[in-house]
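Me: I am new to this structure and would like a close look at a single part of it, namely the interior and whatever packs around it. Could you take me through it in one connected account?

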Amino acid sequence: MISKMLKLGAVLVALVSIWLGMCFYTTIPVKMGFYRFLSTLNPVLIGIMPIFLEGVPWGYTWEEYYSPETLQLLKGQRAIVTGGNSGIGFDLAMALFNNGVDVTITCRSELKCATAKQAIEAEGGLNKGRLFTMLMDTSSFASVRSFCENYVTTFSDHPIDMLFFNAGTNFIKLKNPEDNPDCAPKTAADGIDYLFQVNYLSHHLMYRLLEPFLAPNARIVHTSSASAFSTFSYKVATDLETLHGCSEPYLKSFTMENLSYGQSKLAQDLWCKALTRKLGLVNSNISANAFHPGLVNTAIFEKITAVSDIPNQAFMQDTIIPKYAWQSPDGALTGLFLATHFDSRGKYYHPQAIEVVNELAVDESLQDKLWDFSEELVQDYLTPIRGSVKAENEVAE
Ligand SMILES: NC(=O)c1ccc[n+]([C@@H]2O[C@H](COP(=O)([O-])OP(=O)(O)OC[C@H]3O[C@@H](n4cnc5c(N)ncnc54)[C@H](OP(=O)(O)O)[C@@H]3O)[C@@H](O)[C@H]2O)c1
């Protein structure tokens, strides 16, 4: 009996190894529709890597983005892209710039801003817009407020058409999980969970401060993540005790960070839904949506390696990402779709422009609680910024 089981086990191991070998080194599983089949089982997988879309028509293409209609729509508009010096933000900015948009990218240092500006302007084609840079660190509310004040003072002549809430990071700390046995969160400058503030909360503050300066038909686009499907049992904290508590203390530091990242990314989807309901589905022309860019080959993975001991990180970095991930421009494409399509509101998308429902984000009471919690956390920075663009908007309406 035991020897029969061992033989069966050996056969299974051999079959799995052959299948994995085929997956990594041949295109047979792709041609068989294996990945497409997997994504019908689990929406998290839709578009996560290009192979998962093999044979499925894209919901949006570069041809559509670089069409005369899109150029006509975007030319002369204003966009802000947070974290626009690198990766997906850089490619969002580049594509907007190439379609006639005046883009302001935010970065954490003058050098990063200058390098990105030079690279984007060097690629600008016939229809290029203008490229501006400003400093902002989303780990500090003071920095966010200062950016908003600078922006409003500098660009008082035209309302904001597009806000791309893209700046973000994931694993941020401890080389060694043993360094953090009580799973205490790393906090940002304002004493708030770092990932929550950097990825989500500072963008809430930015929206609240810039809201009076938005154009009619403004589009707000969050770069979220499929990690939003993987969060704490409470989904998203709506009070400080939960946000900073250690309700699941058995978790290793790596898992804590993983779930904290998922929490911050789910918050973005919940926020879009909360705002959409606040604005009113029928009455408001402002749209807010979130998208997962896919697994995208960007600097975010080098940063992970630099700070964390994630299991299998080298394998991810050296094998999976270069071979299977989206390239950064294609990671930006769904965000560009959301900036150019006015009928999507409070929704969440995967590449390329495929709407996906995350059941964790549909709870309206959670959406409202998160909004109220966010208001509470940023309240000291909410004094309205004085500026004249709103008056211009009102005339335009
Ligand atoms: N790459 C993926 O596979 C993937 C998947 C799902 C979601 N995302 C999301 O996509 C967004 C862009 O990431 P990426 O992949 O393009 O990575 P990236 O190349 O590292 O870009 C991240 C951008 O955010 C900025 N940023 C990080 N912390 C910041 C802070 N405290 N204040 C201001 N800016 C800050 C970075 O600035 P520095 O250059 O100064 O670090 C950089 O400009 C993130 O929100 C990320 O969560 C990425």
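Reply: A useful place to begin is with the contacts in the protein chain between residues at least 6 apart in sequence, of which 80% join residues at least 24 apart. The model is a predicted one, and its protein chain holds 16 helices and eight strands. Of the 397 residues in the chain, 52% are buried.

Within that interior, the largest nonpolar core is made up of 54 residues, and the ones with the most contacts inside it are Phe147, Leu163, Phe196, Met206, Leu210, Ile220 and Trp271. At least two residues of this core come from each of α8, β4 (160-165), α9, β5 (214-223), α11 (253-279), β6 (287-291) and α15 (364-378). The element that gives the most to this core is α9, which supplies eight residues. Apart from this core lies another, of 36 residues, including Leu92, Ala93, Phe291 and Leu338.

Since α9 gives the most to the largest core, the way it packs against another helix deserves attention. Helix α8, which spans residues 141-154, and helix α9, which spans residues 194-210, have axes that come within 10 Å and cross at roughly 35 degrees. The crossing of α8 and α9 is right-handed. On the α8 side the contact is made by Phe141, Val144, Arg145, Phe147, Cys148 and Val152, while α9 brings Gln197, Leu201, Ser202, Leu205, Met206, Leu209 and Leu210. Sorted by class, the contact of α8 with α9 consists of 10 nonpolar, two polar and one charged residues.

Phe147 takes part in this contact from the α8 side and is also among the residues with the most contacts inside the largest core. When its neighbours within four places in sequence are left aside, Phe147 is in contact with Ile80, Thr104, Thr106, Met134, Leu135, Met136, Met206 and Leu210. Met206 and Leu210 in that list are likewise on the α9 side of the helix contact.

Helix α9 also holds Tyr207, and because its relative accessibility is 1%, Tyr207 counts as buried, the cut-off being under 20%. Not counting residues up to four places away in sequence, Tyr207 touches Phe165, Leu214, Ile220, Trp271, Leu275, Leu279 and Trp371. Of these partners, Phe165 is 42 residues from Tyr207 in sequence, with 9.2 Å between the two in space, C-alpha to C-alpha.

From the helix we can turn to a strand, β5, where Val221 has its place. Val221 has a relative accessible area of 1% and is therefore buried. Again without residues up to four places away in sequence, the residues that Val221 touches are Leu163, Phe164, Phe165, Asn289, Phe291, Gly335, Leu338 and Ala339. Phe165 is thus a contact of Val221 as well as of Tyr207, and Phe291 and Leu338, which Val221 touches, are among the members of the 36-residue core. Val221 and Val81, although 140 residues apart in sequence, are 9.5 Å apart in space, C-alpha to C-alpha.

A second pair of helices can be set beside the one described above. The axes of α1 (residues 2-25) and α13 (residues 313-324) come within 11 Å, crossing at roughly 60 degrees, which makes α1 oblique to α13. Cys23, Phe24 and Tyr25 of α1 make this contact with Phe315, Ile320, Lys323 and Tyr324 of α13. By class, the contact of α1 with α13 has six nonpolar residues, no polar ones and one charged residue.

Notes
Residues are numbered from 1 along each chain as its sequence is written. This is a predicted model: local features need pLDDT of at least 70, side-chain atom pairs count only at pLDDT 80 or more; totals for chains, interfaces and linings use all residues. Side-chain values use heavy atoms; hydrogens and water are left out. Axes are lines fitted to C-alpha atoms, for helices over the stretch in contact, and angles run from 0 to 180 degrees between N-to-C directions. Helices (H or I, at least four residues) and strands (E, at least two) are DSSP runs, numbered from the N terminus. A crossing is left-handed if the near helix is turned anticlockwise from the far one by less than a right angle, and right-handed if clockwise. Contact means heavy atoms within 4.5 Å. Ala, Val, Leu, Ile, Met, Phe, Trp, Tyr, Cys and Pro count as nonpolar, Asp, Glu, Lys and Arg as charged, and the others, Gly among them, as polar. A nonpolar core is a set of buried Ala, Val, Leu, Ile, Met, Phe, Trp, Tyr and Cys residues joined through side-chain atoms within 4.5 Å. Buried means under 20% relative accessible area, exposed over 50%, partly exposed in between (1.4 Å probe, protein chains only). Angles under 35 degrees count as roughly parallel, over 145 as roughly antiparallel, 65 to 115 as roughly perpendicular and the rest as oblique.
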